[in-house]
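Q: I have a fold in front of me and want to learn how to read it. Can we go through some features in turn?

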Amino acid sequence: MTDLSSIIKAYDVRGLVPEQWDEDVARAIGAAFAEFVHAETGATAVVTAHDMRDSSVPLSRAFAEGVLARGVDVVEAGLGSTDMLYFAAGSLGIPGAMFTASHNPAQYNGIKLCRAGAAPIGQDSGLVQIREWAEQLVDGSAVFERTPTGTGSVTSRDLVAEYAAYLRGLVDLSGIRPLKVVVDAGNGMGGFTVPVVLSGLPLEVVPMYFELDGSFPNHEANPLDPANLVDLQAGVREHGADIGLAFDGDADRCFIIDERGEPVSPSAITGLVAVRELAKGTGTTIIHNLITSRAVPEIVREHGGQPVRTRVGHSFIKAEMARTDAVFGGEHSAHYYFRDFWRADTGMLAAMHVLAALGEQPRPLSELTESYERYVASGEINSTVTDQAGRVAAVKETYGRVDGVGFDDLDGLTVSLPDGAWFNLRASNTEPLLRLNVEAPDRARMTELRDEVLELVRA
């Protein structure tokens with residue numbers, strides 16, 4: 001019996017090619033996806049897009065063959081970023097499939113699936129059914145109630161210009177002061193989308209690693225790792241730039257570097273964009289996950305908004321955005337979600353908000369973001385732990401002896417201390433890891449608390 005649970009996980013498909021999945025598996029997932037969306041909503045077409053990895057084209061074409069075999073049409077958008085695929089699913093009103101392994105190394109690939117309108121498909125919202133049907137299709141044991149009346153048809157559609165125009169309609173950069181912007185695309189899809197989205201604006205774009213290359217010859221396309229920001233930081237300083245932008249492999253996340261070459265925390269960007277979205281007057285709810293800085297809910301309240309705290313993960317953010325009709329949501333990992341973008345995440349739109357905020361006033365970015373950076377955070381620290389539950393229980397027992405401590409278990413264990421410091425300890429869903437995030441009013445206290453907790457975790 002085929003078991004695809006190692007590659008079809010909580011939010012998407014991800015694995016080594018061809019060791020863990022290949023074109024036969026892609027074809028089965030395509031057929032299962034087509035059957036799922038047709039059964040759920042009567043969908044008669046899906047849209048696909050792919051990144052620059054060598055395996056992306058053959059996998060996406062095999063997936064399309066599976067879709068077509070179930071009598072469902074395919075719109076091939078070709079090369080694109082993940083947020084461009086969300087734009088396609090939103091603007092065309094059909095389900096979508098993006099072929100990418102995001103920031104993972106070259107030998108990986110994956111699929112991000114969504115419903116029409118870019119609504120998410122995750123483990124709790126259809127992905128388990130798709131996996132089971134795909135397993136049956138690989139084994140030749142699948143039996144469906146529906147018999148297609150014929151095969152679907154394929155059309156190609158270049159959507160990058162429409163995607164760019166849509167974004168530029170949401171954030172007007174035409175009247176800002178001239179800015180010099182260094183962009184590190186990491187040989188990923190930012191090298192494809194940035195020139196289209198930012199062309200013709202008062203921006204001098206200095207490109208770094210715009211050549212599409214799924215082998216990632218310069219550095220991993222993962223800006224969450226500080227090592228992958230070093231080149232951009234140097235480039236900002238060398239060119240005397242106003243700002244630096246770093247995109248991950250599928251360009252749905254964007255990290256910001258200020259004019260000094262220093263990273264701006266995603267929490268500060270969440271606060272800045274939240275203030276701009278609240279200023280539109282079209283809504284008051286802002287979503288933030290529980291790892292973002294405590295500054296975020298403070299800033300939201302100060303600007304008349306209502307912060308809502310969620311678990312980590314895009315499916316939780318998107319579900320809560322739909323429930324509350326939130327205008328914006330942000331995560332510590334630099335995923336930014338917009339109601340105006342079908343509640344989907346787009347690093348490009350977040351970057352455009354930062355460019356607008358910077359270009360609409362005379363101060364440098366470091367001064368502009370200073371008021372949004374109120375506390376000192378550790379960043380996420382991983383520890384390999386075999387007895388995850390036991391270590392978390394030991395940490396809770398230790399801090400339970402401290403007066404004035406608060407606990408909550410929305411996602412892992414969050415411990416709030418009376419001096420304003422706090423930390424969250426979460427178990428990985430897929431690896432024997434505990435993930436620690438610490439925040440405190442100053443660096444000395446953050447360091448002290450971080451080391452205390454790590455000693456307990458790694459004991």
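The dialogue below takes up a sheet, a pair of helices and a histidine.

A: Note at the outset that this is a predicted model.

Q: Let us begin with the sheet. In what order do the strands of the open sheet lie?

A: The five strands have the order 8-7-9-10-11, and their pairing is mixed. Strand 8 (203-208) and strand 11 (263-264) are the edge strands, each pairing on one side only.

Q: How many bridges join strand 7 to strand 9?

A: Four bridges join them, and the two strands run parallel. Within this pair, Asp184 stands opposite Ala246 of strand 9.

Q: Which helix lies across strand 7 and strand 8?

A: Helix 7 (residues 230-239) does, and it also lies across strand 9, strand 10 and strand 11. Helix 7 runs at about 155° to strand 7.

Q: What describes two packed helices?

A: The angle between their axes and the distance between the axes. Here, the axes of helix 5 (residues 160-170) and helix 11 (residues 347-359) come within 10 Å and cross at roughly 40°. The crossing is right-handed.

Q: Which residues make the contact of helix 5 with helix 11?

A: Helix 5 gives Tyr163, Leu167, Arg168 and Leu170, while helix 11 gives Met348, Leu349 and Met352. Six of these residues are nonpolar, one is charged and none is polar.

Q: Now the histidine. Why does His219 count as buried?

A: Because its relative accessibility is 13%, and buried means under 20%. His219 sits in the loop between strand 8 and helix 7.

Q: With which side chain does the side chain of His219 make a polar contact?

A: With that of Asp184, at 2.8 Å. Beyond its sequence neighbours within four places, His219 also touches Gly186, Tyr209, Asn228 and Asp231.

Methods. Residues numbered from 1 in each chain as written. Predicted model: local features only at pLDDT ≥ 70, side-chain atom pairs only at ≥ 80, totals over all residues. Heavy atoms only, no water. Pairing = 2+ DSSP bridges. Contact = heavy atoms within 4.5 Å. Axes fitted to C-alpha atoms, helices over the stretch in contact; angles between N-to-C directions. Left-handed = near helix turned anticlockwise from the far one by under 90°. Nonpolar A, V, L, I, M, F, W, Y, C, P; charged D, E, K, R; others polar. Buried < 20%, exposed > 50% of the residue type's maximum accessible area, 1.4 Å probe, protein only. Polar contact = N/O pair within 3.5 Å; in protein donor to acceptor, adjacent residues only side chain to side chain.
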